[in-house]
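Hello,

Here is the structure I promised to pass on to you. Please have a look at it first, and then read my notes below.

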Amino acid sequence: MALDQSFVGRTYPPTDPYEVGREKIREFAVAVGDTNPAYTDPEAAKALGHPDVIAPPTFVFAITFKAAGQVIEDPQLGLDYSRVVHGDQKFVYVRPVRAGDRLTVTSTIEAIKSMAGNDILDIRGEVHDEAGEHVVTALTKLVSRAAEGA
């Protein structure tokens, strides 16, 4: 069943703040194999003009995808998550995510398309810090595969 086009433009409430910690950044950098010292060494980050360590560009995926859960779990939308694959991900940064940031995410359904029986859902996640400063926009594309035989 195709997703309801009337959901395009729907915005969900901001998430609770997520506090970015140095150790979480370090763990993420190690997990993805990125040895940039700006991710683990406060002095190296300061030498580059940052107030503290910064996060690798994909770090923010964890909080933006969790925020997209509000969309995914909206029973009125009718998305069958068991059929969903992650189609694409993009980040548009205003500034790097830094240790000490308290970030909230507001998710909006940007587009819903149907192609070959598949539903394609585009979600925009706007990430702001505690002062309301825009930090990054996450663009997530989810594909809900057509049921077999559909």
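**The cavity**

When the whole structure is searched, one cavity of 30 Å³ or more turns up. Please keep in mind that this is a predicted model. The largest cavity has a volume of about 30 Å³. Its lining is made up of Thr64, Ala68, Ser107, Ile123, Arg124, Gly125, Ala138 and Thr140. H3, S4 and S5 are the elements that give two or more residues to this lining, and S4 supplies the largest share, with three residues.

**The sheet and its helix**

Now to the sheet. Five strands form an open sheet in the order S1-S3-S4-S5-S2, and the pairing is antiparallel. Strand S1 (18-19) and strand S2 (84-93) each have a single partner strand and stand at the edges, so one side of each has no neighbour in the sheet. Strand S4 (residues 118-128) and strand S5 (residues 134-144) are joined in the antiparallel sense over ten bridges. In this pair, Val127 sits opposite Val136 of S5. Helix H3 (residues 61-72) packs on the sheet, where it touches S1, S2, strand S3 (102-115), S4 and S5. The direction of H3 makes about 55° with that of S3.

**Two nonpolar cores**

Which residues have the most contacts inside the largest nonpolar core? They are Val20, Ile25, Phe59, Val97, Leu103, Val127 and Val135, in a core of 20 residues. Helix H1 (22-32), H3, S3 and S5 each supply at least two residues of this core. To see one of these residues in its surroundings, try Val97: leaving aside residues up to four places away in sequence, Val97 touches Val20, Val53, Ile54, Ala55, Phe59, Leu103 and Val135. Another core, of 14 residues, lies apart from the largest one, and among its members are Phe7, Ala68, Val84 and Ile112. You have met Ala68 already, as one of the residues that line the largest cavity.

**An unusual backbone angle**

One last residue to click on is Ala116, in the loop between S3 and S4. Most residues other than glycine have a negative phi. Ala116 is not a glycine, yet its phi is positive, at about 55°. Is Ala116 buried or exposed? Its relative accessibility is 79%, and because exposed means over 50%, Ala116 counts as exposed.

Happy browsing, and best wishes

Note on methods
Residues are numbered from 1 along each chain as its sequence is written. This is a predicted model: local features need pLDDT of at least 70, side-chain atom pairs count only at pLDDT 80 or more; totals for chains, interfaces and linings use all residues. Side-chain values use heavy atoms; hydrogens and water are left out. Two strands pair if DSSP finds at least two bridges between them. Helices (H or I, at least four residues) and strands (E, at least two) are DSSP runs, numbered from the N terminus. Contact means heavy atoms within 4.5 Å. Axes are lines fitted to C-alpha atoms, for helices over the stretch in contact, and angles run from 0 to 180 degrees between N-to-C directions. A nonpolar core is a set of buried Ala, Val, Leu, Ile, Met, Phe, Trp, Tyr and Cys residues joined through side-chain atoms within 4.5 Å. Buried means under 20% relative accessible area, exposed over 50%, partly exposed in between (1.4 Å probe, protein chains only). On a 1 Å grid over the protein atoms alone, a cavity is a set of points where a 1.4 Å probe fits but cannot get out, and a pocket is an open set with protein on both sides within 12 Å along at least five of seven lines; lining residues have an atom within 4 Å of a point. Grid points are joined across faces, edges and corners, and a volume is the space filled by probe spheres set on the points.
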